[in-house]
Amino acid sequence: MNECMPRIEAVATAVPSHEITQEDSMKLARLFFQDAFPDIDRLLHVFAHSHIQKRHFCMPMDWFLEDRPFAEKNQLYIEHAEVLAVEAAQKCLTKAGVEPSSIDCLMFVSSTGIATPSLDSRLLHRLGLRPQATRVPLWGLGCAGGAMGLSRACEYTQAYPSRRVLLVSVELCGLTFIRQDLSKSNLVATCLFGDGAAAVLIEGDEVLSSSDVPKVQFCDARTTTWPDTVDVMGWELTDPGLKVIFSRDIPTLIRSSMRENVESFLSPHGMSIDHLRHFIFHPGGAKVLTAYQRSLGIGTEATRFSEDVLTNFGNMSSPTVLFVLEKSMEKAWESGDRGLVAALGPGFSSELLLLEAR
């Protein structure tokens, strides 16, 4: 293992104020899709089987009733994403007891809206970071973005062990809803996706630690992008906005490919799946979690934090896995504990991180 091991000092999350139950969202979906699908009652079973109870959105429920142009949705994204990202970031810095002026690099992950200059330029000033702080915006990574951002932040602090990185991930999936899109993919998206933000403070190992308790440290990361899979997940840019694309084959891809991917990632470290105590998986959906369990031979208890996040927040795309990380770190890891972070996203890509408490 690389002796230079950055540590995850704090994780914090934030969600917008409008909460919608899964029962209410199912009623809305029936209203939207009943004319397009004569078998709407059968299709709506996806809501009952989703394991989701509620989600949060930056706009109230009646906002979704009308067609909205992309320009309006994107302007709302810029306004609300900044507010939510600031909330998560401030909570993270407070939790770590770190002044904003001590942050050396701001990494910003998002895929649900477009802004130039990128939103990290706004966050830098709103948060009180130094004007000289490095900015790294990452766009288009979708559901893998939280894990990929965490990997890149940790690798940055491996290269610069005296620096601190603030990673901020925010997605407003609700704003991408296209009222005119009557596809089955959009019906499933109506069932799954929510809004949220997360922030993580990563410190190089030359930064003085604030306590002597074991810290969750970064050991390694791996990105895998499979060939001939670009149509599995992503956006199609249409006049009304970002149209969701995802394949029903995602659980099958996990079952067929994930075990070999994880085993070959762990093997150079002299580890196997049995050595892992913490499983920090992006809960793309109930079927995705089941596919992880079957592929890796782990029980439902191993993914309980992922299940809990899915139940209470749905799939928020990139920050979701960081919500799981926050839950995992609420109780201090014991020295020697090892954990695996995993997320899947457009590409079609997998991001894996190996963590260890030291």
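**Exercise 1. The crossing of α8 and α9**

Determine in which hand α8 passes α9 in this predicted model, and describe the contact of the two helices.

*Solution.*
Step 1. The crossing of α8 past α9 is right-handed.
Step 2. Helix α8 covers residues 250-266 and helix α9 covers residues 286-296; their axes come within 8 Å and cross at roughly 35 degrees.
Step 3. On the side of α8, the residues involved are Ile250, Pro251, Ile254, Arg255, Met258, Arg259 and Val262. They meet Lys287, Val288, Ala291, Tyr292, Ser295 and Leu296 of α9.
Step 4. Sorted by character, the residues of this contact comprise 9 nonpolar, 1 polar and 3 charged.

**Exercise 2. The surroundings of Cys143**

Locate Cys143, and decide whether Cys143 counts as buried or exposed.

*Solution.*
Step 1. An unreviewed UniProt entry places the feature "active site" at Cys143.
Step 2. Cys143 lies in the loop that runs between β5 (134-139) and α6 (145-159).
Step 3. A residue is buried if its relative accessible area is under 20%. Cys143 has 9% relative accessibility and therefore counts as buried.
Step 4. Beyond its neighbours within four places in sequence, Cys143 is in contact with several residues, among them Phe193, His282, Asn315 and Pro346.

**Exercise 3. The two annotated domains**

State where UniProt places the two domain features, and give the helix and strand content of each span.

*Solution.*
Step 1. The unreviewed entry puts "Chalcone/stilbene synthase N-terminal" at residues 8-205. This span is 40% helix and 23% strand, with its end C-alpha atoms 10 Å apart.
Step 2. The entry puts "Chalcone/stilbene synthase C-terminal" at residues 221-356. Here the span is 35% helix and 27% strand, and the end C-alpha atoms lie 12 Å apart.

Methods:
Residues numbered from 1 in each chain as written. Predicted model: local features only at pLDDT ≥ 70, side-chain atom pairs only at ≥ 80, totals over all residues. Heavy atoms only, no water. UniProt positions renumbered as here; feature names shortened; annotations may be inferred. Helix = DSSP H or I, 4+ residues; strand = E, 2+ residues; numbered from the N terminus. Buried < 20%, exposed > 50% of the residue type's maximum accessible area, 1.4 Å probe, protein only. Contact = heavy atoms within 4.5 Å. Axes fitted to C-alpha atoms, helices over the stretch in contact; angles between N-to-C directions. Left-handed = near helix turned anticlockwise from the far one by under 90°. Nonpolar A, V, L, I, M, F, W, Y, C, P; charged D, E, K, R; others polar.
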